[in-house]
Amino acid sequence: MEIIIISGSNRKLSQSERVSKIIEKIIKDQLNINSYIFSLYSNKLPLWNEEGYGSDEENIINLKKNFSQSKGFIFVVPEWHGMVPPHVKNLILLLGTKPFWHKPALIVTISSSNGGAYPAMELRGSSQKNSHINWIPEQVIIRDVKNWIPVNTDEVYHRLVTSIKVLNIYTNQLEDVREQLSDLEIKDFGM
Ligand SMILES: Cc1cc2nc3c(=O)[nH]c(=O)nc-3n(C[C@H](O)[C@H](O)[C@H](O)COP(=O)(O)O)c2cc1C
């Protein structure tokens, strides 16, 4: 699997899911590569803990395996209380280091009003230290998301398509980077 799109809402019929489907279609139509949506609504994940996951143990193993096989990520994240929703942070904690190790990821934030900047800044500021995820410089903020229609003449749609194409270039190039990094002793627990 080339790219996983993380739909970052645990609400039913969420805007994150709608935007994720739009992204999946752009990838299919314009890049012709494999992608799929990992929804935090349909995948109910346990909270990270140190004592094991009981009946969810196998799910967590498969989650790590599937994310490790992916070469790039698109996070579709709603702004809640001016923050990244906790289940998105929980996913990053559960996955740990290997699945995201020096892989590129695109941030797409959404808001039903004028928000969206806070979760973008939060992800950039606090989530890469141990995951070693590589947030690419492009990012997309979709405001007034409930009324947003993805048409060619729309500026945000144009930015979204371009940013996905940028991510794809990083996805291809960072494979080489990871290969070269393998000789270095990089600590999982970053500074
Ligand atoms: C608990 C909660 C808190 C929210 N807080 C904010 C906020 O701080 N800023 C904002 O712009 N929108 C906020 N919203 C509105 C969301 O931007 C809007 O509901 C968006 O569609 C949520 O994405 P979803 O449909 O994918 O869940 C909040 C929504 C929820 C449910």
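**A friendly walk through the fold**

1. Let us begin with a piece of the fold that is easy to trace: E4, H4 and E5 together form a β-α-β unit, and this unit is right-handed. Please keep in mind as you read that the model is a predicted one.

2. The two strands of that unit sit side by side. E4 and E5 run parallel and are joined by six bridges. Two of the pairings are handy to look up: Ile107 has Gln139 in E5 as its bridge partner, and Thr109 has Ile141 in E5.

3. A second unit of this kind leads into E4 from the other direction of the chain. E3, H3 and E4 make a right-handed β-α-β unit. Strand E3 covers residues 72–78, and six bridges join E3 to E4, with the two strands running parallel. In this pairing, Pro78 stands opposite Ile110 of E4.

4. Now step back to the sheet. The sheet is open and has five strands, in the order E2-E1-E3-E4-E5, with parallel pairing. Its edges are strand E2 (35–39) and strand E5 (134–142), each of which pairs on one side only. On average, neighbouring strands of the sheet are turned by 20° against each other, direction ignored.

5. At the E2 end of that order, strand E1 (residues 3–7) pairs with E2 in the parallel sense over five bridges. If you would like one pair to look at, take Ile4, whose bridge partner in E2 is Tyr36.

6. How enclosed is E4 by the rest of the structure? Seven of the seven residues of E4 are buried, so the strand is largely enclosed by the rest of the structure. Both of its faces are covered: Pro104, Leu106, Val108 and Ile110 are buried on one side, and Ala105, Ile107 and Thr109 are buried on the other.

7. Helix H4 has two sides worth viewing in turn. Pro119, Ala120 and Leu123 are its buried residues to look for. Viewed down the axis of H4, the buried residues fall within an arc of 105°, so they line one face of the helix. An α-helix has 3.6 residues a turn, so residues three or four places apart point the same way. On the other side of H4, Gly125 and Ser126 are exposed.

8. Gly125 deserves a moment of its own. This glycine lies in helix H4, which spans residues 117–126. Why does Gly125 count as exposed? The reason is its surroundings: Gly125 counts as exposed because it has 10 other C-beta atoms within 10 Å, and the cut-off for exposed is 12 or fewer. Gly125 and Lys187 are 62 residues apart along the chain, and their C-alpha atoms are separated by 19 Å.

9. Which residues come nearest to the ligand? There are 16 residues around the ligand, and Ser9, Ser14, Ser16, Pro78 and Gly115 come nearest. By type, the shell divides into four nonpolar, ten polar and two charged residues. You have already met Pro78, which stands opposite Ile110 in E4.

10. Two loop residues have a backbone angle that you may want to check. Phi of His102 is near 50°, a positive value in a residue other than glycine. His102 is found in the loop between helix H3 (86–95) and strand E4 (104–110), and it is partly exposed, with 16 other C-beta atoms within 10 Å.

11. The other of these loop residues is Asp144. Its phi is near 45°, again a positive value in a residue other than glycine. Asp144 is found in the loop between E5 and helix H5 (155–181). With 13 C-beta neighbours inside 10 Å, Asp144 counts as partly exposed.

12. Finally, have a look at Val177, which has its place in helix H5. Is Val177 buried, exposed or partly exposed? Val177 is partly exposed, with 13 other C-beta atoms within 10 Å. Along the chain, Val177 and Lys103 are 74 residues apart, while their C-alpha atoms are separated by 9.3 Å.

Note on methods
Residues numbered from 1 in each chain as written. Predicted model: local features only at pLDDT ≥ 70, side-chain atom pairs only at ≥ 80, totals over all residues. Helix = DSSP H or I, 4+ residues; strand = E, 2+ residues; numbered from the N terminus. Buried ≥ 20, exposed ≤ 12 C-beta atoms within 10 Å, placed from the backbone. Near = placed C-beta within 6 Å. Nonpolar A, V, L, I, M, F, W, Y, C, P; charged D, E, K, R; others polar. Pairing = 2+ DSSP bridges. Axes fitted to C-alpha atoms, helices over the stretch in contact; angles between N-to-C directions. Right-handed = clockwise from strand over helix to strand, strands pointing away. Arc of directions from axis to C-beta.
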